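I sat down with this one to look at how its chains meet and where charged side chains pair up. My notes follow in the order I looked things up.

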8 protein chains.
Amino acid sequence: MTKQLNAEVEIVIGSDSDWPVIEKTVQVLKDFNVPFCLKVLSAHRTPDAVADLAGNAQESGLKVFIAAAGGAAHLAGSIAAHTILPVIGIPVDSGSLNGLDSLLSTIQMPSGIPVGTVALGKSGGTNAALLAIQILAISSPDLSKKLIKYKNEMKQKVKKGDSLIQSKLEKYK
Amino acid sequence: MTKQLNAEVEIVIGSDSDWPVIEKTVQVLKDFNVPFCLKVLSAHRTPDAVADLAGNAQESGLKVFIAAAGGAAHLAGSIAAHTILPVIGIPVDSGSLNGLDSLLSTIQMPSGIPVGTVALGKSGGTNAALLAIQILAISSPDLSKKLIKYKNEMKQKVKKGDSLIQSKLEKYK
Amino acid sequence: MTKQLNAEVEIVIGSDSDWPVIEKTVQVLKDFNVPFCLKVLSAHRTPDAVADLAGNAQESGLKVFIAAAGGAAHLAGSIAAHTILPVIGIPVDSGSLNGLDSLLSTIQMPSGIPVGTVALGKSGGTNAALLAIQILAISSPDLSKKLIKYKNEMKQKVKKGDSLIQSKLEKYK
Amino acid sequence: MTKQLNAEVEIVIGSDSDWPVIEKTVQVLKDFNVPFCLKVLSAHRTPDAVADLAGNAQESGLKVFIAAAGGAAHLAGSIAAHTILPVIGIPVDSGSLNGLDSLLSTIQMPSGIPVGTVALGKSGGTNAALLAIQILAISSPDLSKKLIKYKNEMKQKVKKGDSLIQSKLEKYK
Amino acid sequence: MTKQLNAEVEIVIGSDSDWPVIEKTVQVLKDFNVPFCLKVLSAHRTPDAVADLAGNAQESGLKVFIAAAGGAAHLAGSIAAHTILPVIGIPVDSGSLNGLDSLLSTIQMPSGIPVGTVALGKSGGTNAALLAIQILAISSPDLSKKLIKYKNEMKQKVKKGDSLIQSKLEKYK
Amino acid sequence: MTKQLNAEVEIVIGSDSDWPVIEKTVQVLKDFNVPFCLKVLSAHRTPDAVADLAGNAQESGLKVFIAAAGGAAHLAGSIAAHTILPVIGIPVDSGSLNGLDSLLSTIQMPSGIPVGTVALGKSGGTNAALLAIQILAISSPDLSKKLIKYKNEMKQKVKKGDSLIQSKLEKYK
Amino acid sequence: MTKQLNAEVEIVIGSDSDWPVIEKTVQVLKDFNVPFCLKVLSAHRTPDAVADLAGNAQESGLKVFIAAAGGAAHLAGSIAAHTILPVIGIPVDSGSLNGLDSLLSTIQMPSGIPVGTVALGKSGGTNAALLAIQILAISSPDLSKKLIKYKNEMKQKVKKGDSLIQSKLEKYK
Amino acid sequence: MTKQLNAEVEIVIGSDSDWPVIEKTVQVLKDFNVPFCLKVLSAHRTPDAVADLAGNAQESGLKVFIAAAGGAAHLAGSIAAHTILPVIGIPVDSGSLNGLDSLLSTIQMPSGIPVGTVALGKSGGTNAALLAIQILAISSPDLSKKLIKYKNEMKQKVKKGDSLIQSKLEKYK
């Protein structure tokens, strides 16, 4: 993988099967024009690569990690163990238990090693990107403006949803 | 409440009964010398005050929100609805359901409005502070150094725990 | 949205994707000839609009709120925070966790701000309407009569279900 | 039991062991000066008495039912089966399963027979009373005023909680 | 419904949608030549009919009840409230919560009113019939013989399953 | 253990720590004067003894089994595997998981081997005895009478509970 | 079934419907060239055959058991009750409850009778075989080498997954 | 820590607070005279030490790992990621969620990296030791004999429990 120059957000996923969730993250980061890179690395299958990546992240200029995994989802926690950068975890619903295993494995971190966990699945994919952007926006007026614009656009979408529903209501009047 | 000058982290709790959890947060922020303030505000009992606080936070120089609540824990989400600052949620175990209600109410936010959620209870209290500090440390070499020091001290504590256990093992040898 | 004249029940849904559930509500209210209106509003994406709507409801002549949402379902609670009108919450199963998140986020309200919550999904959609009608029927003999008639018709439907089963039983005799 | 003259709210509990929860309900109704009565009746041990009570409620001038029970909590549903009055259910945590059994048994009612369910335990006890009062307040300007006053007093209590916390914060400054 | 002469087992289901589960029950009872009848009755929609049926069962010569329902599954408990005959409950998975609501609503009966609950779904459908037959077999040597034969046939089915698997194993040798 | 002459109900518990639950069973059986015996046997520690006991039960004149166990509660199922007598299972809450493990391990039996499961804990202890008595009462008019009397006495206890509550209500009037 | 000469691993499944899970186990054992055999046996339908198989396993040269079952999954525990060989349990998701019943029934064994339980479903199928091989590898340098090779190949697969994702990322650049 | 000469079992716990559980493990290993050592190491606080320990275990003559941890319990999985030795995981109940988080985080490992997980808490502590001994016993006739003796002693303990219960039964006769 060729690392994108000046990546500020590093996304790590445990398996390429996590793509449908992480595609949301990628799309939002791209929409906000935030430089990022994305690696497939496994806390259990390639633990040393995870340790290396996380251990060297700070000096490479990276600012935020996003990690997505399912089952006994240790990826975000493994990264957090090796870095002082903020780590955002996305639990992925990947098996019988509806993602409850992923959610609890990601969020219930012991005192001292935080993982900021977002919602299960695609909402979490989108929100991990937004949370990363909110973090970067603290020192970027440009990103702040874009976030305000994004928030306003969401309000417009709610209005569109309302219009859609009003039309469905017609036959009940 | 008199706001601490130049507060960078705003802590909000839904009830004064959340103090045992949030005391951990307060202690860590103080240890790292991060200026913060703390308010008791309720998403349901004082919704307008929450909206005001969150809506005006960015221009007051605040950088990160931390919110702790239990039950149908809407506080972090309510704040996130009114700001583009990063919001860290701490679910508090406050009733019959072992905090499962608090955890799911805090983390399962819809697409567009992220809340970075940490573990239930006191571990979450400590980790919310650390995550906030990690976020601030992105642009503060001083905080970064302190975080690295903190991480090293944790290793020492693990060693101390190990010594304690070795002494307990004596009678089994 | 043009508000239906003299609406007594205001339905609010968090997203147009909640329509399959709320269609049940709409159908029952229409069958009972209860004036209602329906808005798409989000506790997180359009919090001010929710606050406005709920805050002004009482003086506009509205009598009951029905709110449906999924995930960290704060919509009913947000409305309840801003009104003294009764609020009926419908948890919507909208993701990995089978609606357990929606159910707990809606029902586990703190002391002081009640949300009368009904069952998950379509049964809840129907029952929210019926509960609203039961509330209105306290001062409407006409609605009371219709409710008694509805209850009797349900008994007839059970009898029809019984006939259906008796015919299926034939081959086992 | 001597029925209170003109009772508008009938509270039914499955066992006298539910008193700690229902005492909250009783206190709120008394504070609002709403006439009520309270009976211990069991959906399983005295089903006919439940059926009689619920079946005759409407003509006796009653307006709202509140029912609290634990375990396979059928009390609220049994009442709802026999009346068209609104029924508010309070799930009581009464055994090993943290009240999850009570909660699901109360809320997951089939289409046609609604039970407006409030939170588990004491919060639910308070909120059931408030929800009943909100329902009665639709046609009582006096109760509406009291509810607005109650809502304002809650805001004051939040402020008091805030003061308490500010004093605890002193030693961290 | 014309009651089968001399029915010893009365099956009651809350809705005709429970047929796929109860068909298993019906099939087993027929295979064992046990006289039964089956009614669709709802604890909530036709509570009086349930009370009548259960209250008069003993003197009509009935010996065992089987009741299947989903959601806030009160049917078996409602029958048990009105009879001293043994009641077997089958929880039916009928909605979002995977039948957990049905299971807990059926089994967590209060002290004094037992419901012997079997597994969720089709296994429960089969086993409810077998449990009823085991109960009747206490005083019927003929049914006892049939049960022993059934148990032996199950062993043969396991052997058949084993043969099937051995053939699948061929390609791994 | 000296087996009680003519025991009709055999109680088996996995450990003497299950006594607080099974004492309820013992008390009820004694109250109804039903001959029983009780053994401590473990599905995992003494599997052969369980198989022997269950395998020889029918010819020894036994009529019903009651089995109580916690955790991966296989005792009732192991007995059911070796007998055609009806088996009643009591899940015992014996560890971290609030008895959810015991409940699911006891009830979710595969097709062909029923276990009639009652509620967790002491209610289940009482109800297992009552269910066994209901089964025996099918061919015992004497036990039927006692069950009817027991049911009536329960109604009296509910009335006593009501009196207790009415006295507590005094200070709210 | 003809037992494979010198089988070191005995796989037992409760039903031929468990094949999709156990095929993974079979494939891995074959890939590592570990002699095994596989039987369909049920803890509840053929308890004596399970007891015989487990009781005689040690002297037949067998070294490890693997057992897969669903629901009230007692198979692994029943085997463990009759042998001192290590038993690996695979919970199979076989019904409404997402395998939570299988998982808890398999893992929550009482003190004294361990079952080493692996993940639900196909991952568990693969991992049961690998855990058995790890156990055998303690005294087999050849198997140790193969395990190291397998671990390395997994790293390569993660790299391939990474390449796949990089290509998907192209359109986001 | 001075490593015990020739340790065959390495126990690792995430915190000295896990001692009450792991004391059971230690006691059993000592009773069987199996050489072991025990370290406090954290997957998150001392990840490199975990990697070192696990990575070098095989060549140091170690044969089996036992790891106990709570919350997002990654310790067993982290060890398994770095070794081909069998790893036994003990989930520790360490917070609000009754150990459900620990259990799922330990057991739901991805395909390729098994952790043989035992029961939550003290039963798991005992059973982890026994499972390790069963593994070592495959090539140790001496340990096999001891395991058979242990199994027999358990049967005696069950008999003692039975005697205890018989004496409690006296007053019911």
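**Salt bridges, overall.** I began with the total: there are 32 salt bridges over all chains. This is a predicted model, so I treat every value here as computed from it. I then picked out three pairs to look at.

**Entry: B:Lys63 and B:Glu8.** I found these two side chains joined in a salt bridge, with 3.3 Å from N to O. The partners come from distant parts of the chain, 55 residues apart. I placed B:Lys63 in the loop between α2 (47-56) and β3 (64-70) of chain B, and B:Glu8 in the segment before β1 (9-13) of chain B. Then I checked accessibility. B:Lys63 has 26% relative accessibility, so it counts as partly exposed. B:Glu8 has 21%, so it counts as partly exposed too. The cut-off for buried is under 20%.

**Entry: H:Glu10 and H:Lys39.** Here the closest N and O atoms of the salt bridge are 3.5 Å apart. This pair also links distant parts of its chain: H:Glu10 sits in strand β1 (residues 9-13) of chain H and H:Lys39 in strand β2 (residues 36-40) of chain H, 29 residues apart. Buried or exposed, I wondered, for H:Glu10 and H:Lys39? Both turn out to be buried.

**Entry: H:Asp142 and H:Lys146.** My third pair meets in a salt bridge at 3.6 Å, N to O. Both residues belong to helix α6 (residues 141-169) of chain H, and they are four residues apart, about one turn of the helix. H:Asp142 has a relative accessible area of 45%, so I noted it as partly exposed. H:Lys146 is partly exposed as well, at 27%.

**Entry: chain A against chain B.** I superposed the two copies next. Chain A lands on chain B with an RMSD of 0.0 Å after a turn of 180° and a shift of 0.0 Å along the axis. That is why I wrote down a two-fold axis. The same surface serves both copies, with 100% of the contact residues of chain A recurring in chain B.

How much area do chain A and chain B bury between them? I noted about 3300 Å², with 66% of it on carbon and sulfur atoms. A:Ile84, A:Pro114 and A:Ile138 give 19% of what chain A buries against chain B, more than any other three residues. The contact draws 41 residues from chain A and 41 residues from chain B.

I counted zero salt bridges between chain A and chain B, but 18 residue pairs in polar contact (both at pLDDT 80 or more). On the chain A side, α3 (75-81), α4 (100-107), β5 (116-117), α5 (121-137) and α6 (141-169) each supply at least two residues. The largest share, seven residues, is from α5(A). By type, I split that side into 26 nonpolar, 13 polar and two charged residues.

**Entry: D:Ala119.** Last, I looked at a single residue in a loop. D:Ala119 lies between β5 (116-117) and α5 (121-137) of chain D. Its relative accessibility is 3%, so it counts as buried. Which residues does D:Ala119 touch, leaving aside its neighbours within four places in sequence? From chain C I listed C:Ile107, C:Gln108 and C:Met109, and from its own chain D:Ile90, D:Pro91 and D:Gly124. I also checked D:Ala76, which is 43 residues away along the chain: its C-alpha atom and that of D:Ala119 are separated by 14 Å.

Note on methods: Residues are numbered from 1 along each chain as its sequence is written. Chains are lettered from A and ligands numbered from 1 in the order in which they are written. This is a predicted model: local features need pLDDT of at least 70, side-chain atom pairs count only at pLDDT 80 or more; totals for chains, interfaces and linings use all residues. Side-chain values use heavy atoms; hydrogens and water are left out. Copies are superposed by least squares on the C-alpha atoms of residues with pLDDT of at least 70 in both. Contact means heavy atoms within 4.5 Å. Buried area is the accessible area (1.4 Å probe) that two parts lose on being put together, summed over both. A salt bridge is a side-chain nitrogen of Lys or Arg within 4 Å of a carboxyl oxygen of Asp or Glu. A polar contact is a pair of N or O atoms within 3.5 Å; within protein, one must be able to donate a hydrogen and the other to accept it, and residues adjacent in sequence count only if both atoms are side-chain atoms. Ala, Val, Leu, Ile, Met, Phe, Trp, Tyr, Cys and Pro count as nonpolar, Asp, Glu, Lys and Arg as charged, and the others, Gly among them, as polar. Buried means under 20% relative accessible area, exposed over 50%, partly exposed in between (1.4 Å probe, protein chains only).
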